[in-house]
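I opened a new notebook page for this structure. My plan was to look things up one at a time and write down what I found.

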Amino acid sequence: MSPYELTRTLPEDATDAALRADVLHGLTQSPKSLPPKWFYDARGSELFEEITALDEYYPTRAEREILLARAPEIAAATGARTLVELGSGSSEKTRHLLDALPLLHSYVPVDVSGSALTGAADTLLAERPDLHVHALIADFTKELVLPDTPGPRLVAFLGGTIGNLLPDERAGFLASVRAMLVPGDALLLGTDLVKDESVLVRAYDDASGVTAAFNKNVLAVVDRELGADFDPADFDHVALWDSGQRWIEMRLRARRDLTVKIPELDLVVTFEAGEEMRTEVSAKFTQATVRSELAGAGMELAHWWTDEAGRFALSLATAV
């Protein structure tokens, strides 16, 4: 088995500092908000895995269907020798691409979680001992310096995660990706598509309540890490479709008047009964909007694939 390289570009205390900054900012604004990245502690990651298996939650299955059907076409179109995956996590979905890229030399997973990266690297190298893995502990929303690996490079951002970014954040992110690309490189982007409101809302408000538990888990993270006294039972899970913004919003609605103390921030936060705090947006796209946002960042849509039901898309873009 070949050893893997692990490069940290984030300070050791970066996660703690980011959580403090996000909570302080989000809970002193009106309306209040918390970023969705704080769902994903160990328990949150377990809950999300449960969500992906729910009948109501189609995106993971739809994207997997496309990858299984189209990976050879993606490989042929890119000739990639390096695969860079942003927000790689367990690298589970990426295996379909790794298996389909005959010229692949290097895999560069990028994630803020060092434990996720080392676990994924160990698993991948046990299965593919000749693969060179250079993992980056980094925030993919910031400017990235990629390791020196052979091109062409395929940068993959899967799972529809781009929909969790607000429009200005998406524009900045796509511009940063464009800055990574040299001639011959490409971006593979996963996007959930606009569809019937009832289908969308069910995907984020399942009958068994798993998504509700996932949403409330952000409160448990703030309690544990910052000494807060949130009680998840004081909040209801809310999922709604904003047709103007073309996104699903997840919120937590206070069941009664509340006062929450966050000692690590020396902060006291009040909620009125019925007050809602936004915890996630999940934007949905059309081919036209994807093409437009890519063009705004200096990239051109070259290929567009959807699952058979037209629920989800993978697009391949190149630098203009």
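My entries follow, grouped by topic.

**Entry 1: the model**

I noted the origin before anything else: this is a predicted model.

**Entry 2: the sheet of 8 strands**

I started with a sheet and asked in what order its 8 strands run. The order is 1-4-3-2-5-6-13-12, the sheet is open, and the pairing is mixed. Which strands stand at the edges? I found strand 1 (5–8) and strand 12 there. Each has a single partner strand, so one side of each has no neighbour in the sheet. I also looked up the twist, which averages 20° from one strand to the next.

Next I checked two pairings inside this sheet. Strand 3 (residues 106–111) and strand 4 (residues 132–137) run parallel and are joined by 4 bridges. Ser-106 has His-132 in strand 4 as its bridge partner. Strand 5 (residues 153–157) also runs parallel to strand 6, with 4 bridges between them. There I found Val-155 opposite Leu-187 in strand 6.

Then I looked for a helix on these strands. Helix 5 (residues 114–127) lies across strand 1, strand 3 and strand 4. Its direction is at about 170° to strand 4.

**Entry 3: strand 6**

How many residues of strand 6 (residues 186–192) are buried? I read 7 of the 7, so the strand is largely enclosed by the rest of the structure. I then sorted its residues by the way they point. Ala-186, Leu-188, Gly-190 and Asp-192 point one way. Leu-187, Leu-189 and Thr-191 point the other way, and both sets are buried.

**Entry 4: the sheet of 3 strands**

I moved on to another sheet. It is open, has 3 strands in the order 7-8-11, and its pairing is antiparallel. Strand 7 (235–242) and strand 11 (276–283) stand at its edges. Each pairs with a single strand, so each has one side without a neighbour in the sheet. The twist here averages 20° from one strand to the next.

I followed one pairing in detail. Strand 8 (residues 247–254) and strand 11 pair in the antiparallel sense over 7 bridges. Arg-251 stands opposite Arg-278 in strand 11. Which helix packs on this sheet? I found helix 7 (residues 197–204), which touches strand 7, strand 8 and strand 11. The direction of helix 7 makes about 150° with that of strand 7.

**Entry 5: helix 2 against helix 8**

I turned to helix pairs. The axes of helix 2 (residues 42–52) and helix 8 (residues 210–226) come within 9 Å. They cross at roughly 155°. An angle over 145 degrees counts as roughly antiparallel, so helix 2 is roughly antiparallel to helix 8. The crossing of helix 2 and helix 8 is left-handed.

I listed the residues that meet. Helix 2 brings Arg-43, Gly-44, Leu-47, Phe-48, Glu-50 and Ile-51. Helix 8 brings Val-210, Thr-211, Ala-213, Phe-214 and Asn-217. By class, this contact has 6 nonpolar, 3 polar and 2 charged residues.

**Entry 6: helix 1 against helix 8**

Helix 8 came up again. The axes of helix 1 (residues 14–27) and helix 8 come within 11 Å and cross at roughly 120°. That makes helix 1 oblique to helix 8. The crossing of helix 1 and helix 8 is left-handed. Leu-19, Arg-20 and Val-23 in helix 1 meet Val-222, Glu-225 and Leu-226 in helix 8. I counted the classes for this contact: 4 nonpolar, no polar and 2 charged residues.

**Entry 7: two single residues**

Is Asp-307 buried or exposed? I looked up its place before the answer. Asp-307 is in the loop between strand 12 (299–306) and strand 13 (312–319). Its relative accessible area is 2%. Buried means under 20%, so Asp-307 is buried. Leaving out residues up to four places away in sequence, Asp-307 touches Ala-62, Glu-65, Ile-66 and Phe-312.

I took Ala-76 next, in helix 3 (residues 59–78). Ala-76 has a relative accessible area of 68%. Exposed means over 50%, so Ala-76 is exposed. I also checked Ala-76 against Ala-100, which is 24 residues apart from it in sequence. From C-alpha to C-alpha, Ala-76 and Ala-100 are 9.1 Å apart in space.

Technical notes. Residues are numbered from 1 along each chain as its sequence is written. This is a predicted model: local features need pLDDT of at least 70, side-chain atom pairs count only at pLDDT 80 or more; totals for chains, interfaces and linings use all residues. Side-chain values use heavy atoms; hydrogens and water are left out. Axes are lines fitted to C-alpha atoms, for helices over the stretch in contact, and angles run from 0 to 180 degrees between N-to-C directions. Helices (H or I, at least four residues) and strands (E, at least two) are DSSP runs, numbered from the N terminus. Angles under 35 degrees count as roughly parallel, over 145 as roughly antiparallel, 65 to 115 as roughly perpendicular and the rest as oblique. A crossing is left-handed if the near helix is turned anticlockwise from the far one by less than a right angle, and right-handed if clockwise. Contact means heavy atoms within 4.5 Å. Ala, Val, Leu, Ile, Met, Phe, Trp, Tyr, Cys and Pro count as nonpolar, Asp, Glu, Lys and Arg as charged, and the others, Gly among them, as polar. Two strands pair if DSSP finds at least two bridges between them. Buried means under 20% relative accessible area, exposed over 50%, partly exposed in between (1.4 Å probe, protein chains only).
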